[in-house]
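I opened the notebook on a new model today. My plan was to look up packing first, then single residues.

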Amino acid sequence: MSTITVVGGGYVGLITAACFARLGHRVHVVEIDTRKMESLKAGHLPIREPGLPEIWEQGAASGLLSVTGSYKEAISTSEFVFLAVGTPPRANGSADLRQVVAAVRAVIGAAGGEMPVIVVKSTVPPGTTELVRDVVLEHRPYDDARVVSNPEFLREGLAVIDFMRPSRVVVGCDDRETAESVGALYEKLRRPVIYTSTRSAEMIKYASNAFLCTKVSFMNEIASLCEEIGVDVVDVSKALGMDPRIGSSYLDAGLGWGGSCLPKDIAGLAWTANRVGVQTPILNSAIKINARQGWLVVSRLKEMIGDLRGKTIGVLGLAFKPNCDDIRESPSLRLIQALIAEGCEVRAYDPMAMEAAAHNYPEIMYCTDAYGAAVGVDALVLATAWPQFQSLDLHKVRSLMRRPLLMDARNAFDVNAVTEAGLVYAGIGRPMAGPEFEQPQRELAQHLRGTRGRPRSTAAKGQHAA
C-alpha cells in the first residue's frame with residue numbers, strides 16, 4: 001500500500017482517487033474550493049458517473065479515502081502526488097497550464113523533507129512534464145525533482161471500468177526506477193504498462209484522442225457521400241468495423257464528437273504542431289467536419305419542412321453523450337443554438353443534463369419527459385443516443401407531433417419501427433423512409449444516367465413530411 005495525494009476534486013481527480021483507494025492505497029484528495037471540499041467530505045459527488053458513488057463510499061468508510069483543503073496535511077505523508085487539475089483551452093487552441101503550475105508550487109510549499117514523486121495526470125501538451133520539473137528545480141535546486149507523466153484514458157460513463165480494466169497504463173519518465181514505482185501502483189490490475197519518455201507519454205494521450213476524433217469525422221464525411229448516392233452508412237460502418245485493422249469503435253455517423261476532452265485535445269495537438277511549424281491537414285479537416293454537423297441537420301430540416309422561422313423543433317438529449325450530465329462542447333447544444341438562430345422554438349428533454357443546460361441556455365423550453373419534447377413539434381430530433389429513447393412508444397410520439405418527421409441524428413432508431421408508427425424517418429447518411437416514401441433506387445439510376453438531379457429528391461419528400 002502506498003500513500004497518494006490527488007490534487008483536484010474534478011472528474012479525473014475523483015475517479016483516480018476512488019479507484020486507487022479501491023486498489024488498497026491510502027488516498028488524500030486536495031480540493032481548495034471550500035464549498036466543494038465540504039460537499040465531498042459529506043459524500044456528495046459533483047459528477048454523475050456509474051459505479052463511482054459506490055467505490056467512493058467504500059473508500060471513505062474504510063478510511064483509505066479522505067478529503068482536505070490543506071496541501072500540507074495531505075502531502076506530509078504522501079509518496080506520490082497526482083496532479084488532476086484543469087487545463088482549459090485558450091482561444092487559440094493551446095492549453096492553459098496556470099492551474100498545473102499553481103498546483104506544483106503549492107506542493108513544493110507544502111513539502112517538508114523529501115519531495116514526493118509528482119505525477120502529471122492532467123492532459124497536457126508535450127513538454128509540460130519538463131516544465132513541471134523546471135518549476136520544482138527553480139525552488140529546490142538540490143532536489144532530484146522526480147516528475148512523471150501518467151495520462152488518463154477515461155470515457156465518461158465508463159470511467160470506473162476504464163480505470164480498473166485499462167487496455168494499457170502509460171508511464172513517462174526519464175528515470176526508470178521512478179517510472180516503475182508509479183507503474184507498481186497499478187500492479188493489482190495486471191495490465192500492460194508502457195514505459196516511455198515524458199514527451200512520448202503526453203503525445204500518446206493527445207494522439208489517441210485526435211485519432212478518435214478523426215475516425216468520427218471520417219465516418220461523417222462518408223455519410224454525406226452515402227446520402228447523395230442512396231447508400232446506408234450504417235451498413236458501411238458495420239462492415240468497416242468488422243475489419244480488425246480498423247475496429248468498430250468511433251465509427252458511428254451523427255452529430256459528431258464533443259465533451260471536455262476530445263475537442264480540446266485535438267485543438268491542442270493542432271496548436272502544438274503549428275507552433276513547431278508542422279502542417280496538420282488531417283486534424284484540421286476533422287475539426288472542420290465536426291463543426292459542420294449541426295448545420296447539416298439544420299439544412300436537412302429546411303429541405304424537409306421549409307423555412308424554420310416560427311417552427312417548433314423537439315430535441316431528445318442535451319448531454320454530449322449518454323450516461324452523463326456533461327454538456328461541455330455538446331453537439332446537441334450546438335445544434336440547438338443553430339436552430340434558435342434560424343428562428344425556431346426548441347423543446348428539449350434529457351434524463352440527466354437539463355439542470356446544467358438550463359443554467360446556460362434559458363431560451364430552451366425544458367420538458368418533464370421525452371414525450372413532452374414531442375408535443376406540437378414540426379420535427380423531433382434525436383441528438384443524444386440515450387438507450388431509453390429507443391424504447392419510446394413511437395405511436396404515442398406520432399400522436400403528439402404536429403408533423404410526422406423524426407430526424408435521427410445518431411442513427412439509433414430502428415427504421416422499420418419508426419415508419420410503422422406512421423413517422424417519416426431521416427438519419428445521417430441514410431435513405432429517408434416513411435409511409436409515403438419509395439426507396440430511392442429508381443431515382444438514383446435516373447441520376448446516374450444524367451436524367452435527373454438530386455437522387456433523394458428531398459424537396460419533394462419534404463412536402464410529404466409537411
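Which residues does L339 touch, not counting residues up to four places away in sequence? I note first that this is a predicted model. I then listed the contacts of L339: V298, L301, L308, I313, V315, C344 and V346.

**Entry 1: cores.** I looked up where L339 belongs. It is a member of the largest nonpolar core, which holds 67 residues. Within that core, L301 and L339 touch the most other members. L301 is also on the contact list of L339. I found a second, separate core of 41 residues. Among its members are I15, L23, L65 and C173. As background, I wrote down that nonpolar side chains tend to be buried together in soluble globular proteins.

**Entry 2: overall form.** I counted 18 helices and 14 strands in the protein. I checked the radius of gyration next. The value is 25 Å, which agrees with the figure near 23 Å for a compact globule of 466 residues. The C-alpha atoms fill a box of roughly 80 × 45 × 40 Å along the principal axes. Buried residues account for 55% of the 466 residues. I also checked contacts between residues at least 6 apart in sequence: 70% of these join residues at least 24 apart.

**Entry 3: a helix pair.** A packed pair is described by an angle and a distance between axes. How do α5 and α6 pack, by angle and by distance between axes? Helix α5 covers residues 98–110 and helix α6 covers residues 128–139. I read an angle of about 35° and axes 10 Å apart. The crossing of α5 past α6 is right-handed. From α5, the residues that meet α6 are V100, V101, V104, R105 and I108. On the α6 side I have L131, V132, V135, V136, E138 and H139. Sorted by class, this contact has eight nonpolar residues, one polar and two charged.

**Entry 4: T128.** I stayed with α6, since T128 lies in that helix. Is T128 buried or exposed? T128 has a relative accessible area of 3%, so I entered it as buried. Leaving aside neighbours within four places in sequence, T128 is in contact with L97 and E202.

**Entry 5: I75.** This residue sits in helix α4, residues 71–75. I75 counts as buried because its relative accessibility is 3%. I listed its contacts, again not counting residues up to four places away: T5, V81, V107, A110, A111 and P116. I also checked I75 against L158. They are 83 residues apart in sequence, and their C-alpha atoms are 30 Å apart in space.

**Entry 6: positive phi.** Most residues other than glycine have a negative phi. I looked up two asparagines against that. N323 has a positive phi, near 65°. N323 is in the loop between β9 (312–316) and α13 (331–341). With 36% relative accessibility, N323 counts as partly exposed. N411 is also not a glycine, and its phi is positive at about 50°. Where is N411 found? I placed N411 in the loop between β13 (405–408) and α16 (415–420). Its relative accessibility is 15%, so N411 counts as buried. The cut-off for buried is under 20%.

Methods. Residues numbered from 1 in each chain as written. Heavy atoms only, no water. Core = buried A, V, L, I, M, F, W, Y, C linked by side-chain atoms within 4.5 Å. Buried < 20%, exposed > 50% of the residue type's maximum accessible area, 1.4 Å probe, protein only. Contact = heavy atoms within 4.5 Å. Axes fitted to C-alpha atoms, helices over the stretch in contact; angles between N-to-C directions. Helix = DSSP H or I, 4+ residues; strand = E, 2+ residues; numbered from the N terminus. Left-handed = near helix turned anticlockwise from the far one by under 90°. Nonpolar A, V, L, I, M, F, W, Y, C, P; charged D, E, K, R; others polar. Rg over C-alpha atoms; globule rule 2.2 N^0.38 Å.
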